[in-house]
Amino acid sequence: MSVDDYLDLLNYAKAINDGQWQADIIEHLKQVTTVREPYAADENVHELWSRFDDINLKLLELFDKLRENESAGNSYRWKEQIWELKLERITLAKQIQGRYIKIR
C-alpha cells in the first residue's frame with residue numbers, strides 16, 4: 001500500500017472514531033517514512049555522483065580532442081562545451097556536498 005492509501009485509512013479511522021486503529025496507522029506511517037527517506041536520499045546521491053562521473057568522462061574526451069587537434073576549427077566549440085560542463089560539475093559538487101555536510 002502507498003502512503004496515500006494509509007492516509008485515506010487514517011481519515012476513515014478518524015471519521016469512525018477508532019482511536020486504536022488511528023494509532024496503528026500512524027505508527028505504520030512513521031516506520032514507512034523512516035525506511036524510505038534514507039533510501040531515497042541514497043538514490044539521489046547515487047544519481048548525482050553518476051552525473052558527476054559522466055561529466056568528467058566528457059571533459060576528458062573534449063580535452064583529448066583539443067590536444068590532438070589544437071588548430072581545428074571546432075576548438076572554440078569544444079572550449080565552450082568544457083566551460084559549460086565545468087559549471088555544471090561545480091553545481092553538482094555543491095549539491096553532493098549539501099547531502100553530506102549539514103550546516104544549521
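Is Thr91 buried, exposed or partly exposed? Thr91 has a relative accessibility of 43%, so this residue counts as partly exposed. The model described here is predicted.

## Overall architecture

The chain contains 3 helices and 0 strands. Along the sequence, the pattern is α-α-α. Of the 104 residues in the chain, 19% are buried. Among contacts with a separation of 6 or more, 48% are between residues 24 or more positions apart.

## Helix 1 and the loop that follows

Helix 1 covers residues 3–15 and has 13 residues. At 1.5 Å a residue, helix 1 should span 18 Å, and the distance of 18 Å between its end C-alpha atoms agrees with this. Tyr6, Leu10 and Ala13 are the buried residues of helix 1. These residues lie on the same side of helix 1, because they cover an arc of only 60 degrees around the axis. Asp4, Asp8 and Ala15 are exposed on the other side of helix 1.

Asn17 follows helix 1 and lies in the loop between helix 1 and helix 2. The phi of Asn17 is positive, at about 60 degrees, although Asn17 is not a glycine. Most residues other than glycine have a negative phi. With a relative accessible area of 65%, Asn17 is exposed; the cut-off for this class is over 50%.

## The largest nonpolar core

The largest nonpolar core has 11 residues in all: Leu48, Phe52, Ile55, Leu59, Leu62, Leu66, Trp78, Ile82, Leu85, Leu92 and Ile96. Two elements, helix 2 (19–68) and helix 3 (75–100), give two or more residues to this core. Helix 2 gives the most, with 6 residues. Apart from the largest core lies another core of 5 residues, including Tyr6, Leu10, Ala13 and Ile25.

One member of the largest core, Ile96, is in contact with Leu48, Trp49 and Phe52, leaving aside neighbours within four places in sequence. Phe52 is itself buried, with a relative accessible area of 17%. Trp49, at 36%, is partly exposed.

## Helix 3

Helix 3 has 26 residues and reaches 37 Å from its first C-alpha to its last, which is close to the 38 Å expected at 1.5 Å a residue. Its buried residues are Ser75, Trp78, Ile82, Leu85, Leu92 and Ile96.

Ser75 has a relative accessible area of 13%; this value places Ser75 in the buried class, for which the cut-off is under 20%. Not counting residues up to four places away in sequence, Ser75 touches Leu66 and Glu70. Leu66 belongs to the largest nonpolar core.

Thr91 is also found in helix 3. The C-alpha atoms of Thr91 and Phe52 are separated by 9.7 Å, and the two residues are 39 residues apart along the chain.

## Aromatic pairs and a lysine over a ring

The structure holds 2 aromatic pairs. Tyr12 and Trp21 form an edge-to-face pair, because their ring planes stand at 85 degrees, with the ring centres 6.0 Å apart. Both partners are partly exposed: Tyr12 has a relative accessibility of 48%, and Trp21 has a relative accessibility of 29%.

Trp49 and Phe52 also form an edge-to-face pair, with 5.6 Å centre to centre and 75 degrees between the planes. Both residues lie in helix 2, 3 residues apart, about one turn of the helix. In this pair, Phe52 is buried, whereas Trp49 is partly exposed.

A further arrangement involves Trp83 and a lysine. Lys86 lies over the face of Trp83, at 5.1 Å from the ring centre.

## Phe52 in context

Several of the features above involve Phe52. Phe52 belongs to the largest nonpolar core, is paired with Trp49 and is in contact with Ile96. The distance of 9.7 Å between C-alpha atoms relates Phe52 to Thr91, the partly exposed residue of the opening question.

Notes
Residues numbered from 1 in each chain as written. Predicted model: local features only at pLDDT ≥ 70, side-chain atom pairs only at ≥ 80, totals over all residues. Heavy atoms only, no water. Core = buried A, V, L, I, M, F, W, Y, C linked by side-chain atoms within 4.5 Å. Buried < 20%, exposed > 50% of the residue type's maximum accessible area, 1.4 Å probe, protein only. Helix = DSSP H or I, 4+ residues; strand = E, 2+ residues; numbered from the N terminus. Contact = heavy atoms within 4.5 Å. Phe/Tyr/Trp six-rings, centres within 6.5 Å; stacked < 30°, edge-to-face > 60°. Lys NZ or Arg CZ within 6 Å of the ring centre and 35° of its normal. Expected span 1.5 Å × (residues − 1). Arc of directions from axis to C-beta.
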